[in-house]
Amino acid sequence: MFADWPSAREHLRDHLLTAPESEAWAVVAPGYLLLLDPADGDARWRYWEQVETSGGAAAQPLYDLYREAASADALDARLVRWVRVQGRVTVAVGTSGILMLVEDGIVRTAFLPGQGDPEATRQARASEDGRGLVRERGMRSGRPGTGGAGNREEAIRQRREAGWTPEQRLYYRVFRPCVQFVKRCHHRHRDLYGRLLRQDYALLKECLPARSRLKLDDWLDLRRRCGRG
Amino acid sequence: MDRNPYIRPGLTATRQGIPDPAVEMECWLDRLEEVLASASPEPGALDSYDLLALWGRLQRVRPDLLAQAGGERETVAVAETVARQGKDLARLALTVPNPAAWLEEARTLERAYEEASDPVARSTLAERLLADLDDADLVEYAARRQGMTDRALQEELRACGDWLEENAALFLCAGVHVQAVGMTLRHDLAERDYDLAQTALKYEVILDAAEAAEATLALEGLPLLAHEAVAAALHRFDEERARAAIVVATIAYARSLLRSRRAGRAGEPASVPTILKWAAPDGGTAFLKLPAEGETTLTVHFFTADRDVATGLDAQRAWLAGVPSEVRAAKATFPLAAVEEAEQDLRLEVGPERTIWQPDPA
């Protein structure tokens with residue numbers, strides 16, 4: 001899929017082994033949970049160390065899951081026509097919410113967008129241990145002296161999601177943030193005058209149906225059409 | 001209809017129909033649907049915060065747009081929830097905003113310009129900072145409506161607003177997003193609810209800054225020239241320059257003639273000369289046909305003053321742009337690459353004394 005092994009390895013580190021995207025990957029590819037706990041920063045770190053010390057061999061099972069998920073979404077994208085080609089670049093998104101960018105036949109990236117702030121990811125990587133991310137920061141980090149938003153929020157979220165079906169989890173946690181990300185690129189990837197700074201993900205905005213035609217039931221229909229029901 | 005203060009038709013992107021308010025609406029409604037779906041007797045602080053912010057935001061939205069986005073159901077549901085649990089939601093939500101942390105983070109936007117970071121990362125950060133401040137303003141507004149006034153928070157948020165106003169230009173990188181949000185706002189907001197309109201001031205401030213920026217950088221705002229038009233203008237410029245070079249040259253043709261000729265397109269009328277002519281002190285002449293695309297040599301043909309082939313020059317040395325050759329059968333051939341690499345004007349020198357032949361463009 002990728003140009004070379006270092007690119008693939010880097011991708012595993014930055015997407016599958018970095019929170020919070022790691023948790024979304026476990027929703028897309030439940031086999032992830034058999035390999036490691038995506039919410040456990042230490043476990044992800046240990047896994048990465050094994051990948052490094054084994055010269056990459058230890059990453060094979062995770063890479064296989066990744067490749068399988070991305071390939072299935074690429075097929076979906078073709079079937080539901082969520083694909084755009086411009087010059088050497090092809091962008092596509094599948095019904096799981098994997099966003100792919102292919103250039104000259106080589107996968108440049110395939111990730112789950114809308115799962116976290118890329119800047120936060122970069123900062124976490126640059127930090128001393130690089131072992132995970134805070135869930136909220138800045139304005140939403142909690143009013144000093146009030147206890148703020150913390151573990152209790154996470155517990156509430158987990159309790160709520162415990163009642164969801166796997167499909168609901170995939171739809172609400174992964175697919176819909178992806179669609180929002182793609183649509184928001186229409187504004188984010190432009191300068192003040194409206195000129196596109198990047199022509200990649202924003203290209204998909206016109207392919208994706210409006211919100212009113214992409215509700216949970218509509219999405220389940222699409223999944224069935226793609227043989228994923 | 002009154003002028004809508006949140007829509008600025010003079011801005012380039014708005015004029016071109018690029019900002020799409022439906023994008024913003026869809027994202028707000030998606031989040032609201034999710035929060036409503038997870039409503040529980042024991043709501044979390046962040047969900048309460050989002051719920052109140054979204055409730056306030058939808059109060060500001062044009063009703064036609066809301067209907068178009070299919071958001072009536074969520075609007076009714078959130079209004080009912082706020083009416084039922086407003087105080088509890090406000091109490092929890094007020095534990096979330098941290099204006100000091102926002103200000104700290106906002107300064108990273110300033111640094112993002114200084115560090116020439118990725119423009120998309122910069123616009124994403126600007127958009128998020130703006131949305132974060134807007135959420136906090138809306139929550140504070142909603143809490144006040146529930147009779148819960150937090151003076152300290154009000155002061156801190158005012159400081160954030162002041163910072164934004166002073167640094168509005170930093171948010172221009174999210175200009176298209178701001179224009180889209182502006183398009184979602186009802187034009188009569190200030191008349192309907194003055195306090196709520198205050199929460200939208202930040203967008204007006206940035207729209208003002210965008211108008212000022214476009215006016216200042218008016219040239220930047222002009223539509224981009226088509227690539228073909230630029231190429232044609234460049235080509236014409238090269239031709240003009242080449243002709244000028246011939247006129248001013250006294251002892252050599254400008255070397256740019258080589259490039260101009262080769263850059264010419266097939267079938268185009270050649271306003272650049274195709275043949276260069278030199279005159280010797282004894283009345284002899286020399287001609288060089290400029291190379292077409294694909295040719296690799298330059299051949300100078302020598303003639304006597306009587307227009308005969310100048311075989312008398314055979315075996316003499318000749319130099320073009322300093323590149324040496326030998327005259328054979330009244331011709332001297334020079335490798336094009338060597339002449340180009342010499343980076344000298346096309347001076348023709350002939351014979352043991354290296355006599356300079358004068359360009360004769362007539």
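This passage describes cavities, a pocket, one helix, the cysteines and selected backbone features of a predicted two-chain model.

Enclosed space was examined first. The count of cavities of 30 Å³ or more comes to 2. The second largest cavity holds about 100 Å³ of space. Its lining is made up of 14 residues. Those nearest the centre of this cavity are Arg176(A), Val179(A) and Arg211(A) from chain A, together with Glu26(B) and Asp30(B) from chain B. Two helices, α8 (166-188) of chain A and α2 (21-37) of chain B, each provide at least two lining residues. The largest share of the lining is that of α8(A), with 6 residues. Sorted by class, the lining of the second largest cavity comprises 7 nonpolar, 6 charged and 1 polar residues.

Open space was treated separately. The second largest pocket encloses about 520 Å³, and 18 residues line it. Four helices of chain B give two or more residues each to this lining, namely α7 (119-145), α8 (151-166), α11 (194-199) and α12 (201-216). Of the elements that line this pocket, α8(B) gives the most, with 7 residues. Asp137(B), Leu157(B), Arg158(B), Gln198(B) and Leu201(B) lie nearest the centre of the second largest pocket. The class composition of the pocket lining is 8 charged, 6 nonpolar and 4 polar residues.

Helix α5 of chain A spans residues 60-80 and contains 21 residues. The distance from the first C-alpha of α5(A) to the last is 30 Å, close to the 30 Å expected at 1.5 Å a residue. The buried residues in α5(A) include Leu62(A), Tyr63(A), Tyr66(A), Ala69(A) and Ala70(A), and also Asp73(A), Asp76(A), Ala77(A) and Val80(A). These residues fall on the same side of α5(A), because they cover an arc of only 150° around the axis. Glu68(A), Leu75(A) and Arg78(A), on the other side of α5(A), are exposed.

The residue that follows α5(A) is Arg81(A), which has a positive phi of near 60°. Arg81(A) is not a glycine, and its place is the loop between α5 and β1 (83-86) of chain A. With a relative accessible area of 68%, Arg81(A) is exposed. A positive phi is also found at Asp104(A), where the value is about 50° although the residue is not a glycine. Asp104(A) is located in the loop between β3 (99-103) and β4 (106-111) of chain A. The relative accessible area of Asp104(A) is 47%, so this residue is classed as partly exposed. A further backbone feature of chain A is the cis peptide bond between Ala19(A) and Pro20(A), with omega about 5°. Pro20(A) belongs to the loop between α1 (5-16) and α2 (21-28) of chain A.

The cysteines were then considered. The number of disulfides over all chains is 0. The cysteine sulfur closest to that of Cys185(A) belongs to Cys178(A) and lies 9.4 Å away, which is too far for a bond, given that a disulfide requires two cysteine sulfur atoms within 2.5 Å. Cys185(A) counts as buried, with 1% relative accessibility. Cys27(B) is likewise in no disulfide, and the nearest cysteine sulfur, that of Cys185(A), is 10 Å away. A relative accessible area of 5% places Cys27(B) among the buried residues.

Finally, one residue of chain B was located relative to another. Phe302(B) lies in strand β3 (residues 297-303) of chain B. The relative accessible area of Phe302(B) is 1%, so this residue is buried. Phe302(B) and Glu24(B) are separated by 278 residues in sequence. In space, their C-alpha atoms are 75 Å apart.

Definitions and conventions. Residues numbered from 1 in each chain as written. Chains lettered and ligands numbered in written order. Predicted model: local features only at pLDDT ≥ 70, side-chain atom pairs only at ≥ 80, totals over all residues. Heavy atoms only, no water. 1 Å grid on protein atoms, 1.4 Å probe; cavity = no way out; pocket = protein on both sides within 12 Å on 5 of 7 lines; lining within 4 Å. Points joined across faces, edges and corners; volume = space filled by probe spheres on them. Nonpolar A, V, L, I, M, F, W, Y, C, P; charged D, E, K, R; others polar. Expected span 1.5 Å × (residues − 1). Buried < 20%, exposed > 50% of the residue type's maximum accessible area, 1.4 Å probe, protein only. Arc of directions from axis to C-beta.
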